[in-house]
Amino acid sequence: MYLEEITLQNEHVILSPLRHKHANALLDAASDGQLWNIWYTSVPSRETIATYINHALTTQQHGTALPFVVIDKRNGQIVGTTRFYDFDDKSQRLLLGYTWYAQSVQRSAVNTSCKLLLLQHAFETLQCVAVEFRTHWINQRSRNAIARLGAKQDGILRRHMKMPDGSYRDTVVFSILDNECQP
């Protein structure tokens, strides 16, 4: 299998392929809560949005990622982004991440709706045997949201990544297996 561009939707959200033209709408979403100021996340700012989108689209061209913008169906606004990445068709695994949402839709149906669409696509269409999630140890909200999806904590990668401020991130790794998913 390979990652083919697709639009996914349900009653709450539309996941549409990321494009350069989405830069301003993503900046508007990130401005709702000034998300780029949260030190333990990687939300783009006006200075980094082009690099952020270029990286996402380059990894997509290499066949290892599939980035989406998240559109809230209530108002048609782009409220964030998410993606499949590190796709390994031989092992039938991928990671689901680079996810962030405007503050106004956090703790709403948006995240769960997105994750269920993506998990269904990963397991049913891409025939994945496992979907992995990673987050910063400090990001308790994200850890709780991942666990509510039914993901199991696999472990912690200590000093896994160097952050922009020079500190090191301890990364909590979760996964859901194909026989555990009930979208």
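User: Why is Y85 called buried?

Analyst: Let's put the value beside the cut-off. In this predicted model, Y85 has a relative accessible area of 14%. Buried means under 20%, so Y85 counts as buried.

User: And what makes Y98 partly exposed?

Analyst: The relative accessible area of Y98 is 35%. Partly exposed covers what lies between the buried limit of 20% and the exposed limit of 50%, so Y98 is called partly exposed.

User: How many aromatic pairs does a search of the whole structure find?

Analyst: The search finds 2 aromatic pairs. In one of them, the rings of F68 and F84 have their centres 6.3 Å apart and their planes at 80 degrees. Centres have to lie within 6.5 Å to make a pair, and planes over 60 degrees apart count as edge-to-face, so F68 and F84 form an edge-to-face pair.

User: What makes F68 and F84 a link between distant parts of the chain?

Analyst: F68 is in strand 3 and F84 is in strand 4, and they are 16 residues apart.

User: Are F68 and F84 buried or exposed?

Analyst: F68 has a relative accessible area of 0%, and F84 is at 0% as well. Buried means under 20%, so F68 is buried and F84 is buried.

User: Why is the pair of Y85 and Y98 called edge-to-face?

Analyst: The centres of Y85 and Y98 are 4.8 Å apart, with 80 degrees between the planes. The limits are within 6.5 Å for a pair and over 60 degrees for edge-to-face, so the name fits. Y85 lies in strand 4 and Y98 in strand 5, so the pair ties together parts that are 13 residues apart in sequence.

User: How do you know that the charged end of R83 sits over the ring of Y98?

Analyst: The charged end of R83 is 3.7 Å from the centre of the Y98 ring. The distance limit is within 6 Å, and the charge must also be within 35 degrees of the ring normal. R83 also lies over the face of Y52, at 5.2 Å from the ring centre.

User: What makes strand 4 mostly covered?

Analyst: Strand 4 spans residues 77-88, and 9 of its 12 residues are buried.

User: How do you know that strand 4 pairs with strand 3 and with strand 5?

Analyst: Count the bridges! Strand 3 (residues 66-72) and strand 4 pair in the antiparallel sense over 7 bridges; one example is V69, whose bridge partner in strand 4 is T81. Strand 4 and strand 5 (residues 93-101) also run antiparallel, joined by 6 bridges, and D88 stands opposite R93 in strand 5. A pair needs at least two bridges, so strand 4 pairs with strand 3 and with strand 5.

User: What do the hairpins look like?

Analyst: Strand 3 and strand 4 form a hairpin with 4 residues between them, and G76 in that turn has a positive phi of about 75 degrees. Strand 4 and strand 5 form a hairpin with 4 residues between them too, and there Q92 has a positive phi of about 60 degrees.

User: Why are strand 1 and strand 7 at the edges of the sheet?

Analyst: The open sheet has 8 strands in the order 1-2-3-4-5-6-8-7, with mixed pairing. Strand 1 (8-9) and strand 7 (152-162) each have a single partner strand, so one side of each is left without a neighbour in the sheet.

Note on methods. Residues numbered from 1 in each chain as written. Predicted model: local features only at pLDDT ≥ 70, side-chain atom pairs only at ≥ 80, totals over all residues. Heavy atoms only, no water. Buried < 20%, exposed > 50% of the residue type's maximum accessible area, 1.4 Å probe, protein only. Helix = DSSP H or I, 4+ residues; strand = E, 2+ residues; numbered from the N terminus. Phe/Tyr/Trp six-rings, centres within 6.5 Å; stacked < 30°, edge-to-face > 60°.
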